Amino acid sequence: LHVLPCSVALPQRHSSRLETHPFVSLTKNTRSIDTSMGSAEWNPPSLSSVQHSLKRKLPCSIDDLPPSLLPTLSGTVAFASALAASTFAQLRILGISTGSIPPVPTLLGLGSVGAASVLSQWAAVGTYDALRRGWVGNGDRRTGKRWSGSSAEASNHSHLGCNPHTLRVCAFGLVAFKLLGGRFWSISPSSYTHLGSFARASLPATMKYGTAKERAAIERLGRSFGCHTCGSRMIFSRLPGSSAVRFHADHMPPKAVAEQMNRRWYRQALGQTVRQRFYPQCVSCSNEQGGILSSASNELRKHMASRNWMQRIMGGAAGVAPNLKGAGGGRAAYFHGFSPRMHHIAGGVVAAVTVWDAEEEDVLDGNTRRFERLEDALMDRCSHAWYWVRDSLS
């Protein structure tokens, strides 16, 4: 059986459209058809020709992006990654959570934000330098400009190390973090038996369980602000017409913890009781909290039952009683390092101030002059505010 050579004539409108198709133009002049033998042989195009054709056909390329966009994004990612690393270290190494003794979580968060701010600038400058070497170092196709490397050699890299510029970057990152609603202690892992890292809105509470009206209000708060322990808003569980409970009215501190705290001798002597509030907590975290408190309460009962008659009369206990308040903290806390949060944009703000609308030499030097001008402007405003307050009081 022989295959006879044949040809198909397309209408003019179809043939013109076919000729302009990107894949037809990509493989044009690379396929040769031997009609005499009735066989076809296809030579694949080279990788360089594919890249050149795609770059020519795509509507935009990386060269068309603003040169400061990717450094800003890398600064944001570096800032969030540094805070996630701090949260992980506090959970696995230090055993610190939001329920730890204050002001330990706040101080650790303060240092973490300062270090993350510096890392975000380093990431932005490094990304800017890498893109500059890739675009200009090999020759810019748009302008023909070539990079000689003199600016990088002349730069003293004053943005590295501990110096006044580093302190300015830290201070700027701390201010941006606070303006974006960040709280330093919330970087620590969320304790199941203490206020969580995502705690925002709450309702007054008593030792009793929440009423139907209070539970409905907590449900609305949970959808708006999320679980105070893990931050989840349970978005994917909101089925149309579903009346399932997604958030529980969580006592803070929990009832078992509050009862133990109220039994302290100094609270009984002063007549002070622990004040509680309702916070929204998702079903998963509520179940985890219940399991932790159940185990800790059993240990506490065993401990109290092991007292001898003298300790029962004097009100003492054998050894140190389990602390229910710290049962859900330490290494049992919830890790939330990978949860995106608004204050992560602070790293992008630091990166944007460093690279946007700046000269190449300034960016490679950490843009020290721009941060100095920001410091001077802030000090001037503070001085004017102080003079105004002093004159108003005098």
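## A starting point in helix α5

Gly126 lies in helix α5, and this glycine is a good place to begin a tour of the structure. Keep in mind along the way that this is a predicted model. Gly126 is partly exposed, with a relative accessible area of 40%. Along the chain, Gly126 and Val363 are 237 residues apart, and their C-alpha atoms are separated by 9.7 Å.

Another pair to look up involves helix α4, which covers residues 69-94 and includes Leu69. Leu69 counts as partly exposed, at 31% relative accessibility. Its partner here is Val355: the two residues are 286 positions apart in sequence, with a C-alpha to C-alpha separation of 8.9 Å.

## Salt bridges

How many salt bridges does the structure have? The count comes to 7. Side chains of opposite charge can pair when their charged atoms come close.

Stay with helix α5, which spans residues 104-135, for one of them. Asp129 and Arg132 both belong to this helix, 3 residues apart, or about one turn of the helix. Their side chains meet in a salt bridge with an N to O distance of 2.2 Å. Are these two residues buried or exposed? Asp129 is buried, because its relative accessibility of 18% is under the 20% cut-off. Arg132 is buried as well, at 5% relative accessibility.

Next, find Arg369 and Asp362, whose side chains also meet in a salt bridge, at 2.2 Å from N to O. Arg369 counts as partly exposed, at 47% relative accessibility, whereas Asp362 is buried, with a relative accessible area of 16%. There is also a network to trace: salt bridges that share partners join Asp129, Arg132, Arg133 and Glu360.

## A link between helices α7 and α15

Which residue forms a salt bridge with Glu375? The partner is Arg168, and the closest N and O atoms of the pair are 2.5 Å apart. This pair links distant parts of the chain, as Glu375 sits in helix α15 and Arg168 in helix α7 (residues 164-179), 207 residues apart. Both ends are partly exposed: Glu375 has a relative accessibility of 34%, and Arg168 has one of 21%.

## The surface patch

Helix α15 runs over residues 368-393 and contains Trp388. At 60% relative accessibility, Trp388 counts as exposed, because the cut-off for that label is over 50%.

Trp388 also belongs to a nonpolar patch on the surface. The other members of the patch are Trp386, Tyr387, Val389 and Leu393, and together the five residues have about 640 Å² of accessible area.

## Strand β5 and its partners

Now turn to strand β5, residues 276-282. Of its 7 residues, 6 are buried, so the strand is largely enclosed by the rest of the structure.

Which strands are joined to β5 by bridges? One is β3 (residues 203-205), connected to β5 by 3 bridges in an antiparallel arrangement. Within this pairing, Leu203 has Phe278 as its bridge partner. Another is β4 (residues 247-252), which also runs antiparallel to β5 and is joined to it by 6 bridges. Here, Met252 stands opposite Arg277 in β5. In a regular strand the side chains alternate between the two faces of the sheet.

## Gln289 and its polar contacts

Helix α11, residues 283-305, is where Gln289 is found. Gln289 counts as buried, with a relative accessibility of 8%.

What does the side chain of Gln289 reach? At 2.8 Å, it reaches the backbone oxygen of Tyr192. A polar contact of 3.2 Å also joins the side chains of Gln289 and Asp250.

## A word on cysteines

A disulfide is a covalent bond between the sulfur atoms of two cysteines. How many disulfides does this structure hold? The number is 0.

Two cysteines can still be compared by their surroundings. Cys170 is buried, at 18% relative accessible area, whereas Cys382 is partly exposed, at 43%.

Terms used
Residues are numbered from 1 along each chain as its sequence is written. This is a predicted model: local features need pLDDT of at least 70, side-chain atom pairs count only at pLDDT 80 or more; totals for chains, interfaces and linings use all residues. Side-chain values use heavy atoms; hydrogens and water are left out. A disulfide is a pair of cysteine sulfur atoms within 2.5 Å. Buried means under 20% relative accessible area, exposed over 50%, partly exposed in between (1.4 Å probe, protein chains only). Helices (H or I, at least four residues) and strands (E, at least two) are DSSP runs, numbered from the N terminus. Two strands pair if DSSP finds at least two bridges between them. Patches are made of residues with over 30% relative accessible area and no salt bridge: like charges are joined within 9 Å, nonpolar side chains (Val, Leu, Ile, Met, Phe, Trp, Tyr) within 5 Å. Accessible areas come from the Shrake-Rupley method with a 1.4 Å probe; for residues, only the protein chains shown count as cover. A salt bridge is a side-chain nitrogen of Lys or Arg within 4 Å of a carboxyl oxygen of Asp or Glu. A polar contact is a pair of N or O atoms within 3.5 Å; within protein, one must be able to donate a hydrogen and the other to accept it, and residues adjacent in sequence count only if both atoms are side-chain atoms.
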